[in-house]
Amino acid sequence: MLLTVLGFQSPYPGPAGATPGYLIQTAYTNLLLDCGSGVLAQLTRHLPVYDLDALILSHYHHDHVADVGVLQYGLMVHQLFGQRDQESPLPIYAPGKPAEKTAELVYRDATRFYPVDETTTLTIGDIRVSFLRTDHGDGEPCHAIRLESSGKTIVYGADSGPGTDWTPFASQADLFICEGTYLERNKPARPNGHLSVGQAAEWAERLRCGSLLITHLFHEYTEEEVRQEAKAYRSGTCYVAKIGLQIDLSL
Ligand SMILES: [Zn+2]
Ligand SMILES: [Zn+2]
């Protein structure tokens, strides 16, 4: 699997930035994880929009879904242009509630909605997908997403508070994409559904992950200050998210 970071910032994009979106590619499959603000513009650098096979949404917060509407417009126009089959709406896999959000995932012939929860397993092309509910959101589900293909595993942690138990879901993942929303200097006194950079590093080390990608970062953070607080992770390669970063797990 080849991962490309299309967006990683939160809660809003910085200059020429984008909020979360990750492209996962194999020889057979093009899968988009989350579709935040600015993600479509970045996607077009790597892949025609009409070549996507599926979109998986972790949850419905704006920083993860802001570009879904323009993706639907794009697919509709590509169907009109004859570049995508009218009979092939893009499947969107996402939590089954709230209902007013799920209703927006069905658009003409462009997209169809398929609800998922912790019991769901999917096969999308040559990628096996499963889900874990995280400690995030005001009672609405947010799912971490586990992807397995050709003997490699990527776990995308989505948004998650310290109450998420990653064992065994993310244990020994070849790549753990974990949020590091806070630095020590701006960490709130009480946990509020997000992890700090330090907590991401501690979890990745405890889970013995092969590599760690720290993401969901405020756009003004520097790579150096994020790395400074990620020293607890020593088991493998630590990446700090930036737009266009690619990690090839087939190597
Ligand atoms: Zn969220
Ligand atoms: Zn978020």
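**A buried strand, a zinc site and surface charge pairs**

From strand 12, Ser 211, Leu 213 and Thr 215 point one way while Leu 212 and Ile 214 point the other way, and all of these residues are buried. The model is predicted, and this strand makes a convenient place to start reading it. Five of the five residues of strand 12 are buried, so the strand is largely enclosed by the rest of the structure. Its partner is strand 11 (residues 175-179), which runs parallel to strand 12 and is joined to it by four bridges. Within this pairing, Glu 179 stands opposite Thr 215 of strand 12.

Strand 11 also leads into the nonpolar interior. In soluble globular proteins, nonpolar side chains tend to be buried together. Here the largest nonpolar core holds 57 residues, and the members that touch the most others are Leu 147 and Phe 176. Helix 5 (residues 197-206) supplies the largest share of this core, with five residues. Leaving aside residues up to four places away in sequence, Phe 176 touches Ser 211, Leu 212 and Leu 213, among others. Its further contacts include Val 155, Gly 157, Trp 166 and Ala 170, as well as Trp 203, Ala 204, Leu 207 and Cys 209. A second core, separate from this one, has 26 residues, among them Leu 32, Leu 47, Ala 94 and Tyr 107.

Attention now turns to the metal site. The zinc ion (ligand 2) has as its protein donors Asp 63 (OD), His 64 (NE2), Asp 159 (OD) and His 216 (NE2), which lie 2.1 to 2.2 Å from the ion. In sequence, these donor residues follow the spacing D-H-x94-D-x56-H. The angles among the four donor atoms run from 89 to 160°, and the site is irregular; the upper value matters because a tetrahedral assignment requires all angles to lie between 85 and 135 degrees. The zinc ion (ligand 1) is 3.6 Å from the zinc ion (ligand 2), and Asp 159 coordinates both. His 64 belongs to helix 2 (residues 62-65), whereas His 216 is in the loop between strand 12 (211-215) and helix 6, so the pair ties together parts that are 152 residues apart in sequence. Both of these histidines, His 64 and His 216, are buried.

Charge pairs complete the picture. Side chains of opposite charge can pair when their charged atoms come close. The count for this model comes to nine salt bridges. In one of them, the side chains of Glu 148 and Arg 128 meet at 3.2 Å, N to O. Glu 148 lies in strand 9 (residues 143-149) and Arg 128 in strand 8 (residues 127-133), so this pair ties together parts that are 20 residues apart in sequence. Glu 148 is partly exposed at 24% relative accessibility, and Arg 128 is also partly exposed, at 40%.

Another salt bridge links Lys 242 with Glu 223, with 3.7 Å between the closest N and O atoms. Lys 242 sits in the loop between strand 13 (237-240) and strand 14 (246-248) and Glu 223 in helix 6 (residues 223-228), so the pair ties together parts that are 19 residues apart in sequence. Lys 242 has a relative accessible area of 44% and is partly exposed; Glu 223, at 34%, is partly exposed too. Through shared salt-bridge partners, Arg 128, Arg 146 and Glu 148 are joined into one network. Lys 187 and Glu 184 also form a salt bridge, their closest N and O atoms being 3.6 Å apart.

Notes: Residues numbered from 1 in each chain as written. Chains lettered and ligands numbered in written order. Predicted model: local features only at pLDDT ≥ 70, side-chain atom pairs only at ≥ 80, totals over all residues. Heavy atoms only, no water. Salt bridge = Lys/Arg side-chain N within 4 Å of Asp/Glu carboxyl O. Helix = DSSP H or I, 4+ residues; strand = E, 2+ residues; numbered from the N terminus. Buried < 20%, exposed > 50% of the residue type's maximum accessible area, 1.4 Å probe, protein only. Donors = N, O, S within 2.8 Å, 3.2 Å for Na, K, Ca; no water. Tetrahedral: all angles 85-135°; square planar, octahedral: opposite > 155°, others 65-115°. Core = buried A, V, L, I, M, F, W, Y, C linked by side-chain atoms within 4.5 Å. Contact = heavy atoms within 4.5 Å. Pairing = 2+ DSSP bridges.
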